[in-house]
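Thanks, everyone. I'll take this one piece by piece, so please have the viewer open.

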Amino acid sequence: MKGLLYVNELITWNPGQENEHTDRILWIEPDGFILYTIDAFSKQGLPASKKISDVLSAIEVGDAVKQEDDSLIRVIGEDSIKDADRIKRDKAWSIIADIVSFENEPDIYEREKRGPWISKAVEMHGVTYTTVYKYLRRFWQRGKNKNALLPDYYNSGGRGKRKLLGDKKIGRPRKNIAVNGPGINVNESTKRIFRIAVNKYYDTPKENFLTTAYDLMVKEFYKEDYRFEDGIRKPTIIPIGQIPTITQFRYWYEVERDIKKSLTKKKGSKKYALNHRAVTGKSDAEIIGPGSKYQIDATIADVYLVSRFNRTWIIGRPVIYAVIDCFSRMVAGVYVGLEGPSWLGAMMALSNAFTDKVNYCKEYDINISQEDWPCHHIPIAILGDRGEMESKYADTLVNGLGIRIENTPSYRADWKGIIEQYFNLLDGKVKPLVPGHIDISFRERGGTDYRLDAKLDIYQFTQIIINCVLYHNNQHWMKKFSMSEIMVEDDIDPIPKELWNWGISNRSGK
């Protein structure tokens, strides 16, 4: 709008004429009388005051125009800034941060008033007046933000453009040219050799260093003959001045590399999908309310148990099955057994998830009310991991109970992130407090055999697990739970039972 001016706007004066120049607005007086600007492209420019009415009049008659595009402001993601550039930016910012504070406006734009601030910065940081003014000018001209102080390397060489190669060597001269020669330019033929070497020696499951790939490339593509030493044939390399340097090899690898392709070749497609892929969603992205989907999984507990009938017998590590509701994170069912992960263990956990918990807890001398664990329902869907849920026995759930069974791809535990994270929390609460827990120092020389410390039987251990579940469902505050706007309006605490009850009332819980 012609009648309004804003801080940081660019105003071009005398467009199309020899004396054309562009100012950036730095500060506008609240009462609407004057403003301060700086020539956005001048190497010696400093802030100057103008009447707001004069600027608006010039825009009205066409002597000045507002610029829609602002190429001087650099919006750059913090993760894309090189460490060296970030250090330089932060150092420059530390020098001028106190000077450009909003509290100092508009005095800082007056020559006679900013002198003491400049002198203080020079004395405090041990820099010259020229340096301080350089940083101030760059800050003001480029939009008054911290990234304005980044180095100007991005202007070098024609951004995004490849240099046309001739006979003369481009780039930084080599050290000791008299001995090593001037070097070579990287032409299409050389880049083809680079690509072959990267595919053959670097982007492989062996995970060689880039320097190793370079050495192997030189031996294969830049040899002129062979020699024999102690009966072993070794390549004779051409003169060093005719070989691309490791710096050139590394540069062109960085320019042309495909991160996804490289990691897939090194790690394999399954590990890439698990550990390195882009995260585009969450486990509960399509969940409507409680009971929409349960996740089920098993883990072998990091503790050894003894027999209930002969407590001198060590009977091994128990298997914990858990069923968790994706919407509320409520643990709907649990089972502790000695059989390995199997359909029997999954069946027991699901049976527990579908039935009343008051009677179940009584079996382990734990008294609760219906409100403490209000889960005794059949969900719409159950997500497993191509184990028990893919067996023929799971057809019972589909045909008899009308439950939809889903399975994650192999090696993709991240698709069941909710249940996997619960096991991490459970292990962290139980492991430090029970005797017979697994000690990582066991295999070290002189280490204690933690199995001999086992004291709990399966009944006692199940009591501990039930109490952990009750704590999780009723008291565990989930700091990172993503609350919806309606939940915030209703003042719901991010506790599984609170979310479960709210979802039943407001999200048509199933």
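Let's start with the whole chain. Of its 510 residues, 40% are buried. Keep in mind that this is a predicted model. The chain holds 17 helices and 14 strands. Now take the contacts with a separation of 6 or more: 57% of them join residues 24 or more positions apart.

First stop, helix H4. Its residues run from 129 to 141. Does its length agree with the expected rise, or disagree? It agrees, because 13 residues at 1.5 Å a residue should span 18 Å, and the end C-alpha atoms are 18 Å apart.

Which residues of H4 are buried? Early in the helix there are Thr-131 and Val-132. Then come Tyr-135, Leu-136, Arg-137, Arg-138, Phe-139, Trp-140 and Gln-141. Note that two arginines, Arg-137 and Arg-138, are on that list.

What covers these buried residues? The cover includes two strands, S2 (21-28) and S3 (34-39). It also includes two helices, H2 (83-96) and H3 (111-125). Just past the end of H4, look at Gly-143, where phi is positive, at about 105°.

Stay with H4 and bring in H3. A general point before the numbers: a packed pair of helices is described by an angle and a distance, both taken between the axes. For H3 and H4, the axes cross at roughly 115° and come within 9 Å. The crossing is right-handed. On the H3 side, the contact uses Arg-114, Ile-118, Ser-119, Ala-121 and Val-122. On the H4 side, the partners are Tyr-129, Val-132, Tyr-133 and Leu-136. By class, that contact has 7 nonpolar residues, 1 polar and 1 charged. Look back at the H4 partners: Val-132 and Leu-136 are also buried. And one more general point: an α-helix has 3.6 residues a turn, so residues three or four places apart point the same way.

Next pair: H6, residues 188-202, and H7, residues 210-221. Their axes lie 9 Å apart, at an angle of about 120°. What do we call that arrangement? H6 and H7 are oblique to each other, because 120° is above the 65 to 115 range for roughly perpendicular and not over 145. The crossing of H6 and H7 is right-handed. H6 brings Ile-193, Phe-194, Ile-196, Ala-197, Lys-200, Tyr-201 and Tyr-202 to the contact. H7 brings Leu-210, Ala-213, Leu-216, Met-217, Glu-220 and Phe-221. The count by class is 11 nonpolar, no polar and 2 charged.

On to H11, residues 343-354. H11 has 12 residues and reaches 16 Å from first C-alpha to last, close to the 16 Å expected. Its buried residues are Trp-343, Gly-345, Ala-346, Ala-349, Leu-350, Asn-352, Ala-353 and Phe-354.

Last, two loop residues. Asn-14 sits in the loop between strand S1 (10-13) and S2. Is Asn-14 buried or exposed? Its relative accessibility is 19%, and the cut-off is under 20%, so Asn-14 counts as buried. Setting aside neighbours within four places in sequence, Asn-14 contacts Asn-19, Glu-20 and Asp-63.

Asp-69 is in the loop between strand S5 (64-66) and H2. At 67% relative accessibility, Asp-69 counts as exposed. Its C-alpha is 8.6 Å from that of Leu-10, although 59 residues separate Asp-69 and Leu-10 along the chain.

That's my tour. Over to you.

Key. Residues numbered from 1 in each chain as written. Predicted model: local features only at pLDDT ≥ 70, side-chain atom pairs only at ≥ 80, totals over all residues. Heavy atoms only, no water. Helix = DSSP H or I, 4+ residues; strand = E, 2+ residues; numbered from the N terminus. Expected span 1.5 Å × (residues − 1). Buried < 20%, exposed > 50% of the residue type's maximum accessible area, 1.4 Å probe, protein only. Contact = heavy atoms within 4.5 Å. Axes fitted to C-alpha atoms, helices over the stretch in contact; angles between N-to-C directions. Parallel < 35°, antiparallel > 145°, perpendicular 65-115°, else oblique. Left-handed = near helix turned anticlockwise from the far one by under 90°. Nonpolar A, V, L, I, M, F, W, Y, C, P; charged D, E, K, R; others polar.
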